[in-house]
Amino acid sequence: MKLSARNQIPGNITEIKEGSVNGIVILDIGGGHKISSTISMDAIKELRLKVGMKAYAVIKATSVIIGID
């Protein structure tokens, strides 16, 4: 599969927190860094995601917002 998104970061799934509708997938990308993604439980099941699997964080965004109080 090829994607137009340029930010494709490989890693290993270290945790999956399952919810009733959505789940949180934690991806260890090395160097002590992790990325988390909230996706539907249907997607987690369709992709057959499991702890220990290799996966990619694919980031396609037009903006990233950072705020402070």
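How many bridges join S2 to strand S3? Eight, and the two strands run antiparallel. Strand S3 covers residues 33-40. Keep that pairing in mind. I'll build the rest around it.

A word of caution before we go on. What you see above is a predicted model.

Let's start with the overall layout. The chain has one helix and four strands. Read from the N terminus, the order of elements is β-β-β-α-β. There are 69 residues in the chain, and 19% of them count as buried. Now the dimensions. Along the principal axes, the C-alpha atoms fill a box of roughly 35 × 35 × 25 Å. The accessible surface comes to about 5800 Å². Carbon and sulfur atoms own 53% of that surface. And the contacts? Take those with a separation of 6 or more: 43% of them link residues 24 or more positions apart.

Back to the strands. S1 and S2 also pair in the antiparallel sense, over six bridges. They form a hairpin, with three residues between them. Two places to look at here. Ile 13 stands opposite Leu 27 in S2. Glu 18 has Gly 23 in S2 as its bridge partner.

Next, S2 and S3. They form a hairpin too, with two residues between the strands. Gly 31 in that hairpin takes a positive phi near 65°. Leu 27 turns up again: its bridge partner in S3 is Ile 35. So far, then, Leu 27 has been matched with Ile 13 and with Ile 35.

That leaves S4. S1 and S4 pair over six bridges, again in the antiparallel sense. For a landmark, find Gly 11, which stands opposite Ala 55 in S4.

Now the inside. Which residues make up the largest nonpolar core? There are nine: Ile 13, Ile 16, Val 25, Leu 27, Met 41, Ile 44, Leu 49, Ala 55 and Ala 57. Four elements each supply at least two residues of this core: strand S1 (7-18), strand S2 (22-30), helix H1 (41-46) and strand S4 (54-59). As background, nonpolar side chains in soluble globular proteins tend to be buried together. Note that Ile 13 and Leu 27 are both on the core list, and they are the residues that stand opposite each other across S1 and S2.

Met 41 deserves a stop of its own. Met 41 is a member of the core. Set aside its neighbours within four places in sequence. Met 41 is then in contact with Glu 18, Gly 19, Ser 20, Val 21, Asn 22 and Gly 23. Among those partners are Glu 18 and Gly 23, the bridge pair we met earlier.

Let's follow one of those partners, Val 21. Val 21 is found in the loop between S1 and S2. Is Val 21 buried or exposed? Exposed, because its relative accessible area is 57%, and the cut-off for exposed is over 50%. Not counting residues up to four places away in sequence, Val 21 touches Ser 40 and Met 41. For a sense of distance, compare its place with Ala 57. The C-alpha atoms of Val 21 and Ala 57 are separated by 20 Å, and the residues are 36 apart along the chain.

On to the outside. Met 1, Leu 3, Tyr 56 and Val 58 form a nonpolar patch on the surface. Together they have about 500 Å² of accessible area. Tyr 56 sits in strand S4. Tyr 56 counts as exposed, because its relative accessibility is 57%. Look at its neighbours in sequence: Ala 55 and Ala 57 belong to the core, while Tyr 56 belongs to the patch. One general point goes with that: in a regular strand the side chains alternate between the two faces of the sheet.

Two more residues, then I'm done. The first is Asp 42, in helix H1. Asp 42 is exposed, because its relative accessible area is 56%. Asp 42 and Ile 9 are 33 residues apart in sequence. C-alpha to C-alpha, they are 22 Å apart in space.

The second is Arg 48, in the loop between H1 and S4. What is the phi of Arg 48? It is positive, at about 55°, although Arg 48 is not a glycine. For context, most residues other than glycine have a negative phi. Arg 48 counts as exposed too, because its relative accessibility is 66%.

That's the tour. Questions, please.

How values were computed. Residues are numbered from 1 along each chain as its sequence is written. This is a predicted model: local features need pLDDT of at least 70, side-chain atom pairs count only at pLDDT 80 or more; totals for chains, interfaces and linings use all residues. Side-chain values use heavy atoms; hydrogens and water are left out. A nonpolar core is a set of buried Ala, Val, Leu, Ile, Met, Phe, Trp, Tyr and Cys residues joined through side-chain atoms within 4.5 Å. Buried means under 20% relative accessible area, exposed over 50%, partly exposed in between (1.4 Å probe, protein chains only). Contact means heavy atoms within 4.5 Å. Patches are made of residues with over 30% relative accessible area and no salt bridge: like charges are joined within 9 Å, nonpolar side chains (Val, Leu, Ile, Met, Phe, Trp, Tyr) within 5 Å. Accessible areas come from the Shrake-Rupley method with a 1.4 Å probe; for residues, only the protein chains shown count as cover. A salt bridge is a side-chain nitrogen of Lys or Arg within 4 Å of a carboxyl oxygen of Asp or Glu. Two strands pair if DSSP finds at least two bridges between them.
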